[in-house]
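Q: Could you walk me through one spot in this model, starting from a single side chain and working outwards? I'd like the cut-offs spelled out as you go.

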Amino acid sequence: EPSLVVRLPARGVSRAVSATRALGTRAKFGARLDGVHVMLIEDDPDALDFLSLVLAQTGAVLSAFSLTGPAFDFIASSSRSPDVLISDIAMPVGDGYSFVRGTEHVLGATSAAAHARIPIPAIAVSAFAREEDAQRAIASGFDRHVAKPVDTARLLDLVASFISPRH
């Protein structure tokens with residue numbers, strides 16, 4: 001039987017172990033999000049897995065989606081809105097901008113006018129990292145913009161800052 005053996009250098013192993021330890025430390029001593037319902041939309045499978053792991057280690061209750069369609073269906077049919085939305089901007093089918101605009105109406109934003117705010121805090125996570133990109137995200141209905149690669153400590157602190165007064 002034919003087989004394929006792939007040998008990889010062990011250099012990346014120590015970085016992976018360090019990252020896992022850092023996550024554990026952050027979850028123990030950083031922002032705790034126990035019971036906070038976070039909706040995460042990210043089309044990149046690795047980024048979705050990583051952010052899901054980070055959020056889960058903080059105690060967050062997570063609804064994670066790789067496409068905006070199923071996320072929109074979830075939010076439209078759910079009896080309880082998420083406490084925080086974290087969404088990528090550039091995705092192949094429906095982007096973060098259109099998702100936020102669509103949820104404004106479903107979640108009962110106070111105004112149907114342009115730049116209305118959805119009634120839950122929304123954080124854009126994007127590789128579009130210029131100042132203009134951050135301004136576009138804010139103008140589109142997001143409350144904050146976080147550039148990729150994501151600084152997880154900053155992201156957790158942002159989520160916690162939105163939740164602290166509400167919980």
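What relative accessible area does F74 have?

A: F74 has a relative accessible area of 27%, so it counts as partly exposed. The classes work like this: buried is under 20% relative accessible area, exposed is over 50%, and partly exposed is in between, using a 1.4 Å probe and protein chains only. A quick word on ground rules: this is a predicted model, where local features need pLDDT of at least 70 and side-chain atom pairs count only at pLDDT 80 or more, while totals for chains, interfaces and linings use all residues. Residues are numbered from 1 along each chain as its sequence is written, and side-chain values use heavy atoms, with hydrogens and water left out.

Now for the company F74 keeps. There are two aromatic pairs in the structure. F74 sits in one of them with F65, a tilted arrangement at 5.5 Å centre to centre and 45° between the planes. Rings of Phe, Tyr and Trp (its six-membered ring) pair if their centres lie within 6.5 Å; under 30 degrees between planes is stacked, over 60 is edge-to-face, and the rest are tilted. F65 has a relative accessible area of 15%, so that ring partner is buried, whereas F74 is partly exposed.

The other pair is F72 with F99, edge-to-face at 6.4 Å centre to centre and 85° between the planes. This one ties together distant parts of the chain, 27 residues apart: F72 belongs to helix α3 (residues 68-77) and F99 to helix α4 (residues 96-106). Helices here are DSSP runs of H or I with at least four residues, strands are E runs of at least two, and both are numbered from the N terminus. Again the burial is mixed: F72 is partly exposed at 29%, while F99 is buried at 3%.

Let's move on to the strands. β1 (residues 37-41) is mostly covered, with five of its five residues buried. H37, M39 and I41 point one way and V38 and L40 the other. β1 pairs in the parallel sense with β2 (residues 61-65) over five bridges, and H37 stands opposite V61 there. Pairing means DSSP finds at least two bridges between the strands. Together, β1, helix α2 (residues 45-57) and β2 make a right-handed β-α-β unit; right-handed means that, with the strands pointing away from the viewer, the path from the first strand over the helix to the second runs clockwise.

β1 also runs parallel to β3 (residues 84-88), joined by four bridges, with I41 opposite S87. S87 in turn has A124 of β4 as a bridge partner, and β3 and β4 pair in the parallel sense over four bridges. β4 (residues 122-126) likewise has five of its five residues buried: A122, A124 and S126 point one way, I123 and V125 the other. Four bridges join β4 to β5, which run parallel, and V125 has V146 as its bridge partner in β5. A second right-handed β-α-β unit comes from β4, α5 and β5.

One last stop is S140, in the loop between α5 (131-139) and β5 (144-147). S140 counts as buried at 12% relative accessibility. Its C-alpha is 6.0 Å from that of Y97, although the two are 43 residues apart in sequence.
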